Amino acid sequence: MEGIKETIFKLLRIDNLVDSISGYVETRVKILKIEIKEDVARVLSKGLVSGSLIIIGLIFLFFISIGFAQFLNSYFEDSFKGYFIIAGIYLMILILFLIFRKTIDKKFQRYFSEMIKKDKD
């Protein structure tokens, strides 16, 4: 009976098929792990660059605001009007963002969706 069973397995080559399928699955898992690592590395690098740009931009904005406020103070010959004017400008920007936040949010969503689609292609 054992001989017949082995003969049938050899005839159908099921043992080779099982080995091939398991090898294929293992290879696909390894490839998937490598792709995930690459995606994580890409996201982290983009995040670090974006974060650095945001920090540098905020520092620039901070110092340019102080400098412009000091200039306005000397122009108006007062020690505080320039700071109030700059604060008022930022308040108007904040109000505009609050009014148009849904539109801005949709544009950001579209932008990030397109970026994700580009990365997948």
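**Chat notes on a helical chain**

User: Is serine 65 buried or exposed?
Analyst: Serine 65 is buried, because its relative accessible area of 13% falls under the 20% cut-off for that class. Keep in mind that this is a predicted model.

User: Which helix is serine 65 in?
Analyst: Serine 65 belongs to helix H2, which covers residues 14-76.

User: And what does the side chain of serine 65 make a polar contact with?
Analyst: With the side chain of tyrosine 90, at 2.2 Å.

User: OK, stepping back. How many helices and strands are in the protein chain?
Analyst: There are 4 helices and 0 strands. Along the sequence the pattern reads α-α-α-α.

User: What share of the residues in the protein chain is buried?
Analyst: Of the 121 residues, 5% are buried. Serine 65 is buried, and so is asparagine 73, at a relative accessible area of 6%.

User: Where is asparagine 73?
Analyst: Asparagine 73 also sits in helix H2, the helix that holds serine 65.

User: What lies 2.7 Å from a polar atom of the side chain of asparagine 73?
Analyst: The backbone nitrogen of glycine 82 does. Residue 82 falls within helix H3, which runs over 81-99.

User: What about the loop between H2 and helix H3, which residue is found there?
Analyst: Glutamate 77 is one of the residues in that loop. Glutamate 77 has a positive phi of about 50°, although it is not a glycine.

User: Buried or exposed, that glutamate 77?
Analyst: Exposed: the relative accessible area of glutamate 77 is 73%, and the class begins over 50%.

User: Switching to the surface. How much area does the protein chain expose?
Analyst: About 11200 Å². Carbon and sulfur atoms supply 71% of that area.

User: Which residues form the positive surface patch?
Analyst: The patch is made up of Arg101, Lys102, Lys106, Lys107 and Arg110.

User: Pick lysine 107. Which helix does it lie in?
Analyst: Lysine 107 is in helix H4, residues 101-120.

User: Why is lysine 107 classed as exposed?
Analyst: Because the relative accessible area of lysine 107 is 53%, and exposed means over 50%.

User: Give me a recap of the residues we went through.
Analyst: In helix H2, serine 65 is buried and its side chain contacts that of tyrosine 90. Asparagine 73 is buried as well, with a polar side-chain atom 2.7 Å from the backbone nitrogen of glycine 82. Glutamate 77 is exposed, in the loop between H2 and H3. Lysine 107 is exposed and is part of the positive patch.

Key: Residues are numbered from 1 along each chain as its sequence is written. This is a predicted model: local features need pLDDT of at least 70, side-chain atom pairs count only at pLDDT 80 or more; totals for chains, interfaces and linings use all residues. Side-chain values use heavy atoms; hydrogens and water are left out. Patches are made of residues with over 30% relative accessible area and no salt bridge: like charges are joined within 9 Å, nonpolar side chains (Val, Leu, Ile, Met, Phe, Trp, Tyr) within 5 Å. Accessible areas come from the Shrake-Rupley method with a 1.4 Å probe; for residues, only the protein chains shown count as cover. A salt bridge is a side-chain nitrogen of Lys or Arg within 4 Å of a carboxyl oxygen of Asp or Glu. Lys and Arg count as positive and Asp and Glu as negative; His and the chain ends are not counted. The place of a charge is taken as NZ of Lys, CZ of Arg, CG of Asp or CD of Glu. Helices (H or I, at least four residues) and strands (E, at least two) are DSSP runs, numbered from the N terminus. Buried means under 20% relative accessible area, exposed over 50%, partly exposed in between (1.4 Å probe, protein chains only). A polar contact is a pair of N or O atoms within 3.5 Å; within protein, one must be able to donate a hydrogen and the other to accept it, and residues adjacent in sequence count only if both atoms are side-chain atoms.
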